[in-house]
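The following paragraphs walk through a protein–DNA model, taking one part of it at a time.

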Number of protein chains: 2
Amino acid sequence: MSFTTETAVTNADKTYMQLRNDIVEGRVAAGTKLSEVELSTNYCVSRAVIREAINRLMACHLVERKANVGARVVTLSPEGLEQLYQVRESLEGMAARLAAKNMTDTEIENLQHLLNTHFDQQVQTGESYYQEAGDVDFHYRIVQGSKNQHLISVLINGLYHLVRMYRVQLGMAGPRVTTAFDEHLHIVKAIANRDEELAEILMRRHILYSKNNIQTKLLNHSNLKGQ
Amino acid sequence: MSFTTETAVTNADKTYMQLRNDIVEGRVAAGTKLSEVELSTNYCVSRAVIREAINRLMACHLVERKANVGARVVTLSPEGLEQLYQVRESLEGMAARLAAKNMTDTEIENLQHLLNTHFDQQVQTGESYYQEAGDVDFHYRIVQGSKNQHLISVLINGLYHLVRMYRVQLGMAGPRVTTAFDEHLHIVKAIANRDEELAEILMRRHILYSKNNIQTKLLNHSNLKGQ
DNA sequence: GCCCGCCTATTTGTCGACAATTTTGCCAGA
DNA sequence: TCTGGCAAAATTGTCGACAAATAGGCGGGC
């Protein structure tokens, strides 16, 4: 089903993905200290593979490490979110522009088909599915469609995990879903028309809206906690 | 002197930097297979720290690894250069815009002072210095001035090494130097005026020119080799 | 002569133990 | 009681050895 075929061949790969998911989905809380021995017992692997996993997590900014001290899961903050979405807007805008230029016709058709599927599910199940996986899938395809290796790498195995972490931990479920679907539709249309400039503009807008949406959630969140 | 204070505390840090420099500056040729045992004897450290170094190099796209097979230094190609400069243009353009917004007045003054220094050296020594370190320094400061942690990380300990690799290995010395200085001057002026939009535009242009310059060199290079 | 499968050799992946550094807790002195 | 420093405990950094997987060469079969 999922578009992201991230095949774990080695043991370190699996551990990395497990730990990454556990962090993104909050089973390992933000700000937690990551003890190597503790993790190695929990995940039933040696410290070496834990260290490799942590190193990779550092590369995608999910953990921070100080030499001879240890690694901590990053903490989420409004500033961090702002900065994250700043670069996301820039990079994904560019991805959309490149996708309008470089995607093959069949890839575009598949993308349109994907949106149709989402629409059907949205009608049937009351738009619960679209939420996570659908949105993720859509953005992944655009990024892949850019055919730019650096872009793909930075976004897909870099920033996106952090984006997901923000979304998951703030409990994403809201009125944004339906409007996001329309935005996706327009973006695909621009790409199908090979209108690079419009594709970029729409994508940047789309992400800007998304940021505003999640930002208000973050404020509510901290307000609730503050009380 | 150098602005980039990258302090190596642990042994793996040092090895990573050494190996990285050796790759960037061509002492380890592009496309070379990186044997872990060989490297561990060469650099007088255990395989564990070599593996960590290789992992970090993977994160900044200087080497590629296949599981159970090994790691190779990336190969330079016109497509790779194109893709690299595409994202560089986008990200550094954004960095310039953010720098115009977020740099402190004293930081801007320091930047202007830096350019003056470069100008003097250019006059005295016949612009040989400006070449490498000066340009690097300039761009580093702008990026840092953006105050965006993700941007800083992706560029400075990600793409820049690859950029340097392209430049070094194609033997950068050319007529571009002086015009680049003028471009830098205008960018700083825009930043000093807090003109975000102009700063971004000028920076994007600057990088575009730089790409064209290096691209013709790459063509000459491969032509020479082809004959 | 060519192709397929096996076997060996080399290389990578993983592990547990040791060394170095940091943190924590305790004690002495003011 | 508070502060400074020393010592012990815990944690990270580094290492060498073993396990697993791949690549290359050899021989047998067609």
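In chain B, strand β2(B) pairs with strand β3 (residues 70–73) in the antiparallel sense, over 4 bridges. This is a predicted model. Within that pairing, B:Lys66 has B:Gly70 of β3(B) as its bridge partner. The two strands belong to an open sheet of 3 strands in chain B, ordered β1-β3-β2, with antiparallel pairing. Its edge strands are β1 and β2 (63–66) of chain B, each of which pairs on one side only.

In chain A, a record covers part of the chain. UniProt, in an unreviewed entry, lists residues 9–76 of chain A as "domain: HTH gntR-type". That span is 50% helix and 15% strand, and its end C-alpha atoms lie 31 Å apart.

The next part is DNA strand C. There are 20 residues around DNA strand C, and those that come nearest are A:Thr10, A:Asn11, A:Ser46, B:Arg47 and B:Arg51. Elements of both chains are involved: α1 (11–24) and α3 (47–59) of chain A, and β1 (33–34) and α3 (47–59) of chain B, each supply at least two residues of the surface near this strand. The most comes from α3(A), with 3 residues. Sorted by class, the surface near DNA strand C has 8 nonpolar, 6 polar and 6 charged residues.

On the DNA side, 69% of the atoms of strand C within 4 Å of the protein belong to sugar or phosphate, and the rest to bases. Several polar contacts go to phosphate oxygens of DNA strand C. An N or O atom in the side chain of A:Thr10 is 2.7 Å from one such oxygen, while for A:Ser46 a polar backbone atom is 2.8 Å from a phosphate oxygen. From chain B, a backbone N or O atom of B:Asn68 lies 3.2 Å from a phosphate oxygen of the strand.

DNA strand D is surrounded by 21 residues, of which A:Arg47, A:Arg51, B:Thr10, B:Asn11 and B:Ser46 are the closest. Of the atoms of DNA strand D that come within 4 Å of the protein, sugar and phosphate account for 70%. Here β1 (33–34) and α3 of chain A, with α1 (11–24) and α3 of chain B, each supply at least two residues of the nearby surface. In this case α3(B) gives the most, with 3 residues. The classes are 8 nonpolar, 7 polar and 6 charged residues.

Which part of DNA strand D does the polar side-chain atom of A:Arg47 approach? A base nitrogen, at 2.8 Å. Chain B contacts phosphate through its backbone: an N or O atom of B:Asn11 lies 2.5 Å from a phosphate oxygen of DNA strand D, and one of B:Ala12 lies 3.3 Å from a phosphate oxygen of that strand.

Definitions and conventions. Residues numbered from 1 in each chain as written. Chains lettered and ligands numbered in written order. Predicted model: local features only at pLDDT ≥ 70, side-chain atom pairs only at ≥ 80, totals over all residues. Heavy atoms only, no water. Near = heavy atom within 4 Å. Polar contact = N/O pair within 3.5 Å; in protein donor to acceptor, adjacent residues only side chain to side chain. Nonpolar A, V, L, I, M, F, W, Y, C, P; charged D, E, K, R; others polar. UniProt positions renumbered as here; feature names shortened; annotations may be inferred. Pairing = 2+ DSSP bridges.
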